[in-house]
Amino acid sequence: MNNQIYPCITGVAAWLPPDRLTNELLASMVDTSHEWIASRTGIEERRILKDKDLGTSYMASHAVMNLLEKKGMEADEVEVIICATITPDMMFPNTANLICDRIGARKALAFDMLSACAGFLYALETGCNYIRSGRYKKVIVVGADKMSSITDYEDRNSCILFGDAAAAVLLEPSPDEDGIIDTILRCDPVGKDLIYLKAGGSARPASLETVQNKEHFFYQDGKRVFKYAVQGMAAVSQEMMQKHHLTNEDIDYLIPHQANLRIIEATAQMTNIPLEKVTINIQKYGNTTAATIPLCIWEWENDFRKGQNILLAAFGAGFVWGATYLRWAYNPD
Ligand code: ACO
């Protein structure tokens, strides 16, 4: 008899800011065009949290409240809240703590996880381990980023890529062996100079100089990151499939991080998974960093069936990357 506890996703919800930033609007701000953005990235529009006084915790708490309402749960039933984000409201207290305040959760342990575009997978694996320990039964993992707060809207290379969003999943022990089966997470600091936010941390605190030099904005060497992202996501997905003796036909859905449609297509091609099985919503939301994967889970939830094989794959700044293999745990209502 297998006594292992399998964590499974038992619910998902999201929150998106209502304001849309279209390619046409961006073309009136910087020297670009809808055609260039759509053909190079697949993005057509993204959502922006316009209110400058609202941060990531605002979006994340709405996603979590939507999840609690959907599941008919009280905030005090939540035992663990992990927030994956690279755009915390402030350096401290952590964003998860601010989410607890907004939703009225008083009994949860709560912390943030900073692993950029792979943040949701890192947080999901951590949340799963709380369930696997047997000591916790209700864990919320939320991926949320207000990327507009670190985007330079005078830089056409980067401002076209990002959007703001939050999405959350509930993890519980599975009644059977369907659930999150395995996760592979990797880190290679070869990317530390290729994507970063230079200032605002302890090594380079904010100063007049850092603000004048625009060091509080996202920077990346897009071309080089692109190559690493394709290789990293495809290799870790293939490794996971081989480890579990899964062929491309066994995979029902591939849910890749949404950074660039061309990266998604290349990953699908290298893993031999047809695009009909790949979740793609980058055209509507852009790259929302830690939120992309749970946003896809949320949008495709009603298509998933119990027992289906789903592969999640992500790649982000660091570099950090990984893949998760799960068997979906429930049918739509
Ligand atoms: N509109 C018009 N022209 C543009 C724009 C724009 N918005 N941006 C760049 N260009 C120009 C460049 O100036 C360049 O012109 P040049 O040839 O005269 O110098 C030309 O277009 C080509 O630029 P590239 O940077 O080579 O364009 P590329 O095809 O590589 O696309 C992009 C750029 C979209 C950024 C791509 O490299 C990419 O998606 N990279 C990976 C992004 C990613 O995955 N990031 C990781 C996740 S982010 C995270 O972890 C938080």
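This passage describes the domains, nonpolar cores, ligand surroundings and selected residues of a predicted model.

Because the model is predicted, local features are reported at pLDDT of at least 70 and side-chain atom pairs at pLDDT 80 or more, whereas totals for chains, interfaces and linings use all residues. Residues are numbered from 1 along each chain as its sequence is written, and side-chain values use heavy atoms, with hydrogens and water left out.

The protein chain is divided into domain 1 (7–173) and domain 2 (180–327), with bounds that come from an automatic or database domain assignment. The C-alpha centres of domain 1 and domain 2 lie 15 Å apart. Across the boundary, 50 residues of domain 1 are in contact with 45 residues of domain 2, contact being defined as heavy atoms within 4.5 Å.

Nonpolar cores were taken as sets of buried Ala, Val, Leu, Ile, Met, Phe, Trp, Tyr and Cys residues joined through side-chain atoms within 4.5 Å; buried denotes under 20% relative accessible area, exposed over 50%, and partly exposed the range in between, with a 1.4 Å probe and protein chains only. The largest such core holds 43 residues, of which Leu-311 and Phe-319 touch the most other members. Two or more residues of this core are given by each of strand S8 (180–187), helix H7 (222–243), helix H8 (261–271), strand S12 (309–316) and strand S13 (320–327), where helices (H or I, at least four residues) and strands (E, at least two) are DSSP runs numbered from the N terminus. The greatest contribution to this core is that of H7, with 7 residues, and at least three residues are drawn from each of domain 1 and domain 2. When neighbours within four places in sequence are left aside, the contacts of Phe-319 include Arg-186, Cys-187, Asp-188 and Pro-189, together with Leu-194, Ile-195, Val-225 and Tyr-228. Apart from the largest core lies another, of 37 residues, among them Val-12, Ile-131, Cys-296 and Ile-297. In soluble globular proteins, nonpolar side chains tend to be buried together.

Helix H8 carries the buried residues Ile-263, Ile-264, Ala-266, Thr-267, Ala-268 and Thr-271, and the elements covering the buried residues of this helix include H7, strand S11 (253–256) and helix H9 (282–285). At the start of H8, a side-chain oxygen of Asn-260 reaches to within 2.8 Å of the backbone nitrogen of Arg-262; H8 is followed by Asn-272, whose phi is positive, near 65°.

Within H8, Thr-271 counts as buried because its relative accessibility is 5%. The side chain of Thr-271 reaches the backbone oxygen of Thr-267 at 2.7 Å and that of Ala-268 at 3.2 Å. An α-helix has 3.6 residues a turn, so residues three or four places apart point the same way. Beyond neighbours within four places in sequence, Thr-271 is in contact with Ala-234, Ser-237, Gln-238, Met-241, Asn-248 and Leu-254. The last of these, Leu-254, is found in strand S11 and counts as buried because its relative accessibility is 0%. Residues touched by Leu-254, not counting those up to four places away in sequence, include Ala-268, Thr-271, Ile-273 and Leu-311.

The ligand is surrounded by 25 residues, of which Thr-32, Arg-40, Cys-117, Lys-223 and Asn-260 come nearest; a residue was assigned to these surroundings if one of its heavy atoms lies within 4 Å. Helix H2 (34–41), H7 and H8 each supply at least two residues of this shell, and the largest share, 4 residues, comes from H7. A nitrogen atom of the ligand is 2.6 Å from an N or O atom in the side chain of Thr-32, and a nitrogen atom of the ligand is 3.4 Å from an N or O atom in the side chain of Trp-36. A polar side-chain atom of Lys-223 lies 2.7 Å from an oxygen atom of the ligand. The protein covers 77% of the 1,000 Å² of accessible area that the ligand has on its own.

In helix H5 (residues 119–132), Glu-125 is buried, with a relative accessible area of 17%. Neighbours within four places in sequence aside, Glu-125 is in contact with Arg-132, Thr-183 and Leu-185.

Note on methods: A polar contact is a pair of N or O atoms within 3.5 Å; within protein, one must be able to donate a hydrogen and the other to accept it, and residues adjacent in sequence count only if both atoms are side-chain atoms. Accessible areas come from the Shrake-Rupley method with a 1.4 Å probe; for residues, only the protein chains shown count as cover.
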